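Let's take a walk through part of this structure, one strand at a time. Have a look at it first, and then we'll pick a place to start.

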Amino acid sequence: MSHALLLCLLVPASGVELDTLATLGVSVRARSTGDGLEVAPAVALGLGARPAAALPLRLEVALLTDLHRGGGGDAVSVSAWQGELAVLAGLDWRALARERRALGLELLLGPALRVGYVGLHVYDQTESTWTAGASGVGAVGAYYRDGAWRLGARLWLGVARDRAFQAGLTVGRQL
Amino acid sequence: MRRAATLLALLAAAGCGELTGVRVVDFAADQGRFVLVDVALAPSIDLEALRGETVVLHGGARLDLDRIDEAEDRGANRAALVRGAQPVRAAYRRDGAVAVPADFDSLVMASAFVHLEQAAAFFAEHGAPVPPAPCLVAPQLTGTWSLPDADALAYVPGLDLFLLLPPGRDADPPLAVHRATLTHETSHRVWYYELWGGSLMSVRDALDTDPSARAGLNLLRAANEGVADYFAAADSGDPRFVAHASGASPPTWRDLDRNPVLDPAWCDGTAPLGPGGYDPYRVGSVLAASLWRIGDRIGNAALTAALLGAMRRLGAELRTSFSYTLGDLERHLLAELPDDARAIACAELAPAYAPIWPRLAEACR
């Protein structure tokens, strides 16, 4: 599987379509106090491939992160960051394809490597913790393609990611 | 390829295994500053919901303060008065076997939770266990009267629960990360159970119709605050915990290592007055500092046990017939102490309680 993916990504030949994709939007997660939601800017960058034009299949490598921060004051505060590197595969169904234009729906799933940092600060004392672990990511979206460009919207769902999801608008370009 | 697989296996292993501790903020009296500490966890604790053996945190609650008068003892009708409470969902990362709070709310809640559990354990070790109680985090409070400030901690006897109000901009660090402050609040709960036997509401309703009981209730509030300050200092080893919790302009008159003296004007329970009416902390500070000095000489463990005994004796007396005058708690405390410790306590109390000493000295004979 991994060799096949590498081949798809590195050899844009024999009908393989490669594209880059950026998603800008928001990350929404439940507040730790159990009361309401927190919203922060979020971004995802991806490199995708459609192995064969006739097959409704998409492979993608994506980096996801958001700007949720820990919060606090001058004396006691928390700084935090979390990101994921995901390898996704799934359905890329192009409906209403006409010449160079198409409307598409995509449903992707895959494993992810989640990396995070937490810094606890109490006056001049700081305890830093880096973490890494396996996770899972899913994405569901819709797009409009016109030639080399595609515009769309995506919803990202992370497994064990502090109950957060990301949603945003995507811009992509075929390579 | 094999190297990548090994790396992935190591990363996966880093997220496995049982958590044995949690990282929280506390004040280190020996260092004179707030620090991060790793605290061991009991296996029964639900760290995400912050549900322990004696406290469970809830978020999203709504409470109409005007309806507290409807409260029944031991939180019997709490569910009808507190609406919308739901479990908190604290977020953590792992540092080995230690859970590290991943955001500020989680850090404050985890710190408050740990300190409330520790305070309950302190009292349980001295023979005063308390049943589990909820703690409402950042509740939405409504009503015609309100609590004085944000960043307040409170124990509400009628509902038998704690309130943890959100820290304001000036509350840095928040009170909730300060263990002694939570021991102080837990002491009010122990007072409710040990002195009032968990039956305060019916007594209070009866006393509300008796204006002459008001002064006695004020003095009892002062004793409650003084005892709470002493227990907080004894548990934390910090006689200046109020100043350390209060930031830039601490009220040093509540330091327990000072020697305040009872003002004769305070003895009838009508003075001193503060912004909100009777100020129980001034009179309480005389008791707290006296207890601190006595504990220093006879040991805080012995004094804590005797003080809890005095609370029970006083409670039994009050529930028979409510009449409280300044020095009644101290009189029962002296009765609880063995002869040698009583002599020491009398020597410490005499100068601080000079205005009422002729009456209190009878307990020293």
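Start with strand β12 of chain B, residues 161-164. Keep in mind that this is a predicted model. Which way do the side chains go here? B:Leu161 and B:Leu163 point one way from β12(B), while B:Phe162 and B:Leu164 point the other way. That fits a general pattern: in a regular strand, side chains alternate between the two faces of the sheet. And are these four buried or exposed? All of them are buried.

Now look at what sits alongside. Strands of a sheet pair through backbone hydrogen bonds, either parallel or antiparallel. Strand β9 of chain B, residues 133-137, runs parallel to β12(B), and three bridges join the two. One residue to find there is B:Cys135, whose bridge partner in β12(B) is B:Phe162.

Strand β11 of chain B, residues 153-156, pairs with β12(B) too, but in the antiparallel sense and over four bridges. Here B:Phe162 turns up again, this time as the bridge partner of B:Tyr155. β11(B) and β12(B) form a hairpin with four residues between the strands. In that hairpin, B:Asp160 takes a positive phi near 50 degrees.

Next, move over to an open sheet of three strands in chain B, with the order β5-β4-β10 and mixed pairing. Its edge strands are β5 (82-83) and β10 (140-142), each of which pairs on one side only. Strand β4 of chain B, residues 62-64, runs antiparallel to β5(B), and two bridges hook them up. To spot this pairing, look for B:Arg62, which has B:Arg83 as its bridge partner in β5(B).

Notes:
Residues numbered from 1 in each chain as written. Chains lettered and ligands numbered in written order. Predicted model: local features only at pLDDT ≥ 70, side-chain atom pairs only at ≥ 80, totals over all residues. Buried ≥ 20, exposed ≤ 12 C-beta atoms within 10 Å, placed from the backbone. Pairing = 2+ DSSP bridges.
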